[in-house]
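Subject: Structure for your records

Hello,

Here is the structure I said I would send. Please open it alongside this message, as the notes below refer to it.

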Amino acid sequence: MSIFCSGTMPSGIYCLNKGKVKIHIYGSIKEHIIRFVMPGHLFGLGTIFTNHFYCCATAIEDSTVCKINKEDFLSILNGYPNLSLELMTVLGQHVEYSNNKIISIAEKSVRERLAEGLLSVYNTFYDEFPVSNADISDKAITLSREDIANFINTSTESVIRTLSELKNEGYIIIKGRSIFLKNIKGLMKIAGINVESMTY
DNA sequence: GCATTAACATGCC
DNA sequence: GGCATGTTAATGC
């Protein structure tokens, strides 16, 4: 269900209380997912400065969202300078995240992007890096294959094909739609990342 | 409707 | 030609 979309006028910022939201843009050919939002996080923040939506936010599972009026939010920021700093930090992280994503799309193969995407999504969903020395993560990644494809900028079929490869090679376990990360270190090696350099 | 698979097409080394 | 990836169609859940 759409929460907001480009072309409309923003009147506030949003906070996700429950559920899962994707931030995405419709290109001329397909949809591109910028990032996912998990409960406790704000989204639509950029509109504070740009005054327009450059992207869409859509709930991908049952979600509850609260909206903070723009004027209210700005007056809160005025009262708490540290909050402004926090806001800039978050926005800066979003820029870094997106820039890294551009590099990945430009330089990495589907296999590399999928490994990276799974680690990144895990990180977003559970607010922590998958423990690299654990045998298997008990926390599932549950997304449609299409959303995964649009997140790592490839086709649904390539996602399925490559997930199947990673499964057969013992990197992940697939149960229905759920994906469990098994060989974290291996996935990091495929993705070409390490814990220190990973941003999210 | 979504996931999966296979067959085929295309572009790149 | 071989490889990676995308497209299309068929099939199953």
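What follows is a short account of the chain as a whole, its core and two loop residues. Please keep in mind that this is a predicted model.

Overall shape

Chain A has seven helices and eight strands. Its radius of gyration is 17 Å, close to the 16 Å that the globule rule gives for 200 residues, so chain A is as compact as a globular protein of that length. The C-alpha trace spans about 55 × 35 × 30 Å along its principal axes. Among contacts in chain A with a separation of 6 or more, 70% are between residues 24 or more positions apart.

Surface and charge

Of the 200 residues in chain A, 44% count as buried. The chain exposes about 10600 Å², and carbon and sulfur atoms supply 54% of that area. There are 20 positive and 20 negative side chains in chain A. The centres of these two sets lie 5 Å apart.

Core

In soluble globular proteins, nonpolar side chains tend to be buried together. Here the largest nonpolar core has 30 residues. Leu118, Ile141, Ile172 and Leu181 are the ones with the most contacts inside this core. Two or more residues come from each of these elements:

- the strands β3 (31–37) and β8 (178–181)
- the helices α4 (110–126), α5 (145–152), α6 (156–168) and α7 (184–191)

The largest share is that of α4, which gives seven residues.

Two loop residues

Ser6 sits in the loop between β1 (2–4) and β2 (12–26). Is Ser6 buried, partly exposed or exposed? Its relative accessibility is 38%, and buried means under 20% while exposed means over 50%. Ser6 therefore counts as partly exposed. Leaving out residues up to four places away in sequence, Ser6 touches Phe53, Tyr54, Cys55 and Cys56. As for Gly92, this residue is 86 residues from Ser6 in sequence, and the two are 21 Å apart in space, C-alpha to C-alpha.

The other residue is Asn153, in the loop between α5 and α6. Asn153 is not a glycine, yet has a positive phi of about 60 degrees. The two helices that flank this loop, α5 and α6, are both among the elements that give two or more residues to the largest nonpolar core.

Regards

Definitions and conventions
Residues are numbered from 1 along each chain as its sequence is written. Chains are lettered from A and ligands numbered from 1 in the order in which they are written. This is a predicted model: local features need pLDDT of at least 70, side-chain atom pairs count only at pLDDT 80 or more; totals for chains, interfaces and linings use all residues. Side-chain values use heavy atoms; hydrogens and water are left out. Helices (H or I, at least four residues) and strands (E, at least two) are DSSP runs, numbered from the N terminus. The radius of gyration is taken over C-alpha atoms; the globule rule is 2.2 Å times the number of residues to the power 0.38. Buried means under 20% relative accessible area, exposed over 50%, partly exposed in between (1.4 Å probe, protein chains only). Contact means heavy atoms within 4.5 Å. Accessible areas come from the Shrake-Rupley method with a 1.4 Å probe; for residues, only the protein chains shown count as cover. Lys and Arg count as positive and Asp and Glu as negative; His and the chain ends are not counted. The place of a charge is taken as NZ of Lys, CZ of Arg, CG of Asp or CD of Glu. A nonpolar core is a set of buried Ala, Val, Leu, Ile, Met, Phe, Trp, Tyr and Cys residues joined through side-chain atoms within 4.5 Å.
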